[in-house]
Amino acid sequence: MLRKSLISFLLLTIYLGSCLLIYTDENKENTVEKAKIENSNTNYLDNSIVTKNDVIATLEIPKINLKRDIYSLANPHNNVEENVTILTDTENLIVLAAHSGPGDIAYFNDLDKLILNDTINLTYKNTNQLYKITNIEEQPKDGNIEIKKSNQKRLILTTCSKKSNNKQLVIIAKIEKDDLT
């Protein structure tokens with residue numbers, strides 16, 4: 001079990017080590033800021049028992065019949081070989097990734113069926129949040145995701161493109177409703 005966890009950790013580390021978010025300032029066309037997607041797996045090899053408290057969110061996309069728990073950044077179950085994975089979690093940005101294609105772990109296989117204005121529900125830290133898809137694009141699969149800077153709360157979903165081996169599907173959704181607002 002420990003060997004399987006270590007292999008999954010190494011695969012995730014390699015994947016995440018190459019991931020960057022590139023923010024483009026909406027007001028300055030040529031201004032680009034790079035920010036690493038951080039996944040702090042400091043307790044990854046800790047043999048502690050996973051509890052429901054380790055689940056920090058539940059992602060639900062009714063249109064594609066998807067409902068998955070999201071584990072904390074430090075949890076060993078926060079990896080693409082098991083689940084939808086949280087890559088970054090800041091005040092205004094959450095980035096989630098998962099496999100697409102064949103297999104039982106291809107949780108984002110149907111993301112390509114989503115269209116603009118479709119909704120995504122995220123129960124995050126005991127807050128129900130409703131997001132609306134505002135942009136769908138394919139970007140080079142080079143470890144980067146390019147998005148415009150914004151002060152608005154956003155959810156980014158990403159997976160491999162079905163159309164091209166060297167592209168990734170990037171879905172950007174903005175908050176529509178938050179229990180706390």
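1. In this predicted model, the salt bridges come to four in number, counting a side-chain nitrogen of Lys or Arg within 4 Å of a carboxyl oxygen of Asp or Glu. Three of the pairs are taken up in the points that follow, together with the exposure of their partners.

2. One of these salt bridges joins the side chains of lysine 63 and aspartate 118, with an N to O distance of 3.0 Å. The two partners come from distant parts of the chain, 55 residues apart: lysine 63 sits in the loop between strand S3 (55–61) and strand S4 (66–71), whereas aspartate 118 sits in the loop between strand S6 (93–97) and strand S7 (119–124). Their exposure should be read separately, since lysine 63 is partly exposed at a relative accessible area of 44%, while aspartate 118, at 14%, is buried.

3. A salt bridge also forms between lysine 113 and aspartate 110, where the closest N and O atoms are 3.3 Å apart. Lysine 113 is partly exposed, with a relative accessible area of 49%, and aspartate 110 is likewise partly exposed, with a value of 25%.

4. The side chains of lysine 162 and aspartate 112 meet in a further salt bridge, at 3.4 Å from N to O. This pair, too, links distant parts of the chain, for lysine 162 belongs to the loop between strand S10 (154–160) and strand S11 (167–178) and aspartate 112 to the loop between S6 and S7, 50 residues away. Lysine 162 has a relative accessible area of 47% and is partly exposed; aspartate 112, at 43%, is also classed as partly exposed.

5. Turning to the strands, the model has an open sheet of eight strands, in the order S4-S3-S7-S8-S11-S10-S6-S5 and with mixed pairing. Because S4 and strand S5 (85–89) each have a single partner strand, they stand at the edges, and one side of each is left without a neighbour in the sheet. From one strand to the next, the twist averages 25°.

6. Within that sheet, S7 and S8 pair in the antiparallel sense over six bridges, and isoleucine 120 has tyrosine 131 in S8 as its bridge partner. The hairpin of S7 and S8 has two residues between the strands, and in this hairpin lysine 125 takes a positive phi near 50°.

7. S8 also pairs with S11, again in the antiparallel sense, over 11 bridges, and glutamine 129 has aspartate 178 in S11 as its bridge partner. The pairing of S6 with S10 is parallel and rests on five bridges, with leucine 155 in S10 as the bridge partner of isoleucine 94.

8. Which residues touch the most other members of the largest nonpolar core? They are Leu59 and Leu96, in a core of 27 residues. The elements that give two or more residues to this core are S3, S4, S6, S7, strand S8 (127–140), S10 and S11.

9. Beyond its neighbours within four places in sequence, leucine 59 is in contact with a list of residues that includes Leu66, Ile70, Val84, Leu96, Phe108, Ile120, Leu122 and Leu155. The contacts of leucine 59 also take in Lys67, Arg68 and Asn121. Apart from the largest core lies another, of nine residues, among them Leu93, Val95, Ala97 and Ile145.

Terms used
Residues are numbered from 1 along each chain as its sequence is written. This is a predicted model: local features need pLDDT of at least 70, side-chain atom pairs count only at pLDDT 80 or more; totals for chains, interfaces and linings use all residues. Side-chain values use heavy atoms; hydrogens and water are left out. Helices (H or I, at least four residues) and strands (E, at least two) are DSSP runs, numbered from the N terminus. Buried means under 20% relative accessible area, exposed over 50%, partly exposed in between (1.4 Å probe, protein chains only). A nonpolar core is a set of buried Ala, Val, Leu, Ile, Met, Phe, Trp, Tyr and Cys residues joined through side-chain atoms within 4.5 Å. Contact means heavy atoms within 4.5 Å. Two strands pair if DSSP finds at least two bridges between them. Axes are lines fitted to C-alpha atoms, for helices over the stretch in contact, and angles run from 0 to 180 degrees between N-to-C directions.
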